[in-house]
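Visitor: Please take one part of this structure and go through it closely. I would like the packing described, with the cut-offs behind each term.

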Amino acid sequence: MRAIQYAAPTTVDDAVALLAEHGENARILAGGTDLIVQVREDGRDTELFVDAKGIPELTDLTVSADGTTTLGAATPCYELYGNDNFCAAYPAIVDAARIIGSTGIQGRASVGGNLCNAGPAGDSIPALIVHSAICNVAGPNGRREIAVEDFCTAPGRNSLEAGEMLVSLTLPSPPPNSGTHYLRFIPRNEMDIAVVGAGAFLQLDGDSITAARIALGAVAPTPLFVQAAGEALIGQTAGEAAFAAAAEIARDTASPIDDMRGTVAHRKQLSYVLTQRALRGALAHAQGGTPSNGH
Amino acid sequence: MAVETRTGRTVKHHDNTYNVIGTTPIRHDGVEKVTGEALYGSDINLPGQFHGKVLRSPHAHARILSIDTSRAEALDGVHAVITGQDIPEPADKIISGGEGDGNLLKYKTENILARAKTHYHGHPVAAVAAISPHIAGQAVKLIDVTYEVLPAVLEVREAMAPDAPIIIEDLLTELDDQVISETPSNIAEKMVYETGDVDQGFEESDLIVDREFSFGVVHQGYIETHNATAHWLKDGNIHVWCSSQGAFSIRSELANILDHPITKIHVTPMEIGGGFGGKTTSYLEPLAALLSRKSGRPVKMNMDRDEVLKATGPTPGGYVRVKLGVTNAGIVKAGYAELAFDAGGFPGSVVGAGCKCVFAPYNMPNAKVVGYDVVVNKPKTHAYRAPGATHAEFASETVVDEICRELGLDPVEFRLQNSAKEGDWQLDEPPYARIGHIECVEAARDSDHWQTPLEQVPGKLRGRGIASGFWFNVGLTSSAIARLNSDGSVTLLEGSTDIGGTRTSVAMQFAETLGISVDDVFPIVADTDSVGQTDVTGGSRVTFATGIAAHDAANDMKQQIIAGLADLWEMSEDAITHRDGTFLTDGKSLTVREAALLLTDEEIFPVGRATVTPERVGGAFTTHIADVEVDGETGKVEILRYTAVQDAGVAIYPPYVEGQIQGGVVQGIGWALNEDYVYDDKGLLRNSSLLDYRMPTALDVPNIETIIVEVPNPGHPYGVRGVGEVPIVPPPAAVANAIHDATGLRLRDLPMSPARVQAALTSQNGDQT
């Protein structure tokens, strides 16, 4: 029988040392809602779980003087939507945190873990992209930063080097008159994986869009930052015409596959529809309203 | 003590009143179930037991060139490895399948463990027993199998084509037991049912609608996975504990597959976490028995979800064509249908039942139905809740809707005008006895749902659909043994696995007959040595047939009590009467309890018993109404409101009937909208998990409103009709008809997934521009 070791370091340095010692058979354990399932299914030759939840830096949720938020990589989803300030500042991330798995899963699952798992359909990743999150990484050679849109490299693969771990995410302070929204399409109403997910960020000056970011999930090997769609919105009047034009770019940028969760044609159409719905939600939030959280 | 859990209402078409029937006592197994004390198959742990695991085919269709088990056998902790060669060479004989479909023993055996070929992805190839599940799992991976991969064929019409890869090399097509193909074919059987003059009927029709439909494979989705523990004793006795819809069926299958005396096989049915027809046959039981014989220890086996979806018995995918002819006044003149169903890797689909159901709700003077049982490289299909009827009636009930639209007829009036009724013809079956289809349609018409117009919202696509359904139900054989205890209570042994609360619904019929409280009846689901022959819990038959056994056993006990009292009182039995639970004679009156005290004190212990095979089963009809909203941008369908009206004959325990109706409807909605086996181009199943095999969750369905109609079945002493299966039949048609009402689209392929609906909307928009 295969025995798996468990370690609970209390500092990032100790965790990095354990990763260095055990190589790729050591796995960082945050909520475990993906990892434990993968190990049970024998998908990974895991020898050691390095539990990150005992490291204060990985479970912190702090706002600095300039409004920048640092989100520990192992912080569970429920802490995000349980924090009123976080909800006001980062609505798209909260939209995602509320729909990952189920209420029970959200008590354990973390946004950092969702990102490291690097699933093309990971709900939090488009939301992090539209919020311009920065990944703070620690490893044998010290610390470095990675823009979140560059973090995932392929399905299930990320840009962490051997011995590296994700420590936290830095979320810039939301600019004034801005809003975000994330939503996904699933055939059912819960306990499902996005057929397509879409996140949007809008900043306004009056009716005019001054900044915009759009990201899609499940339409490419990694969550997709659709930079051109955001740029096309800048200088436009916020509204249906501009949103439809941006959504066309999103649809044309999406390069989905046919699989058991959806077809190419349907995912293209959903990229178009969900981009518009995400933009409407972001606009409502930027204008001080609450977007409807439709599926 | 009683619980009040009714949510719906009852429309009675009789004046019978009862003391126990129709009440809602606390179920006998309720406390055990809700406290977690009830024992399921995986709770069985025997001293010294080993754990078994199965090696499964990674290919959809392959020849097994060699199997080398030496590395697995050498692994520390491994005690037995078996392959197809360890099962006795099957005799060329027919054995009975679960719900009536005959099967060759050799196919059954090869499905349990492959011999020369693997017929589908997940087909068992070898099995291992080891000291732990982990070591067994490791050992399975050490078995070296060399395959010659063969081209796979998955779709029925492709499998029927003359140039299709042949899956069973000596299979010839039969029609009425005569071989009709000259060369090997994937079509195992063709069947033709005909009545009247169908050509003449179409001649007399003003409107003929002829449509084609297709279906994906759908699984029953029971939450408890298959499990079995077997102990092959040194004297040749074999004890088996398993999750099954019928312990006697498992015993009989084991006797055949293992070529072993049936009296030496002892099967104990454990509590069951769902079956829906899928647990009426064996998968692990023979493997556990063979591994036990080889290892000398008890062997316990459990499937995981991936194994259940890949390699148990889902309901077939397939093809249906329905052609219906009517007059301009809306009178049905003729029907023609073709049904081709996946048998899976071996012959024996439920296509015959589908053929006989396709036009069942209607009085059809001229009809012809042709069925094909087709072998494909998918798991051997099996029964699922009204097997075959949902496919067939999805097709016919949407064609009926189309005809009503075309002719401007009210779909309720159309059904009332053409409905089958007592004395009407049935395809290849005796004429209908008293049935309740008209009463169901009337109750649907009069329901709050049908009478309340669907609220339309600007920008939303909303629609309403209606559809009826029929299922035969079955009788088969049931037994009951009742022992009168000294305190007046009764221990009631029965052989029917309790899936839907049948311990209580059967005990209630016993209590009603003997005139005692149901709280004084203690029902026990017994093993195969302790009660008379009892066939599977399937075909909606337990409350009907085992209920008759309980009724007859109660009357037997009543007669024995009278005989005992007559003996004691030295009088003729005729002088003692029984009324409302009291034994009366001149000047004397005894309750059952008082009689029990008196008799047992005199060493008289009445044992009532009955074994029955009732024939007058009483078919079940139902009519459903669905309201939907279609998202015109994404293709997603939401069920806004749903009402199911069903003839239960007489509802013994109305909330259980409602539970069966609601469960069937939810499964039917899952089938309608999302459930589907997704195969890749190599024939490998891609969605063998409950994440990607999308059954509805609680958020995907509204409360299912129910109306119970009671048109008593003349073939049962209290009028019972089976209720468990028919509610799955109408949902896909009701939902499809509602989608049409909302969008103008006719969807004829299940599931009506968001991608399919979206594609149809896109081409509809394209047609308009």
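Guide: What follows looks at a helix pair in chain B, then at the nonpolar cores, one strand residue and the contact between the chains.

This is a predicted model, in which local features need pLDDT of at least 70, side-chain atom pairs count only at pLDDT 80 or more, and totals for chains, interfaces and linings use all residues. Residues are numbered from 1 along each chain as its sequence is written, while chains are lettered from A and ligands numbered from 1 in the order in which they are written.

Start with helix α12 (residues 411–418) and helix α13 (residues 437–445), both of chain B, whose axes come within 9 Å and cross at roughly 160°. Helices here are DSSP runs of H or I with at least four residues, and strands are runs of E with at least two, numbered from the N terminus. The axes are lines fitted to C-alpha atoms over the stretch in contact, with angles from 0 to 180 degrees between N-to-C directions. The crossing angle therefore makes α12(B) roughly antiparallel to α13(B), a term for angles over 145 degrees. From α12(B), the contact uses Val412(B), Arg415(B) and Leu416(B); from α13(B), it uses Ile438(B), Val441(B) and Arg445(B). Contact requires C-beta atoms, placed from the backbone, within 7 Å. By class, four of these residues are nonpolar, none polar and two charged. Nonpolar covers Ala, Val, Leu, Ile, Met, Phe, Trp, Tyr, Cys and Pro; charged covers Asp, Glu, Lys and Arg; the others, Gly among them, are polar.

The largest nonpolar core has 229 residues, of which Phe510(B), Val735(B) and Ile739(B) touch the most other members. Such a core is a set of buried Ala, Val, Leu, Ile, Met, Phe, Trp, Tyr and Cys residues joined through C-beta atoms within 7 Å. Helix α16 (residues 542–569) of chain B gives the most to this core, twelve residues. Beyond four places in sequence, the residues touched by Val735(B) include Gly465(B), Ile669(B) and Met752(B). A second, separate core of 93 residues includes Val12(A) and Cys152(A).

Ala188(B) lies in strand β12 (residues 187–195) of chain B. Ala188(B) is buried because 24 other C-beta atoms lie within 10 Å, the cut-off being 20 or more. Among its contacts beyond four places in sequence are Leu171(B), Pro347(B) and Val375(B).

Between the chains, the contact takes 22 residues from chain B and 20 residues from chain A. On the side of chain B, α20(B) supplies the largest share, four residues.

Notes:
Angles under 35 degrees count as roughly parallel, over 145 as roughly antiparallel, 65 to 115 as roughly perpendicular and the rest as oblique. Two residues are in contact if their C-beta atoms, placed from the backbone, lie within 7 Å. A residue is buried if 20 or more other C-beta atoms lie within 10 Å of its own, exposed if 12 or fewer, and partly exposed in between; C-beta atoms are placed from the backbone.
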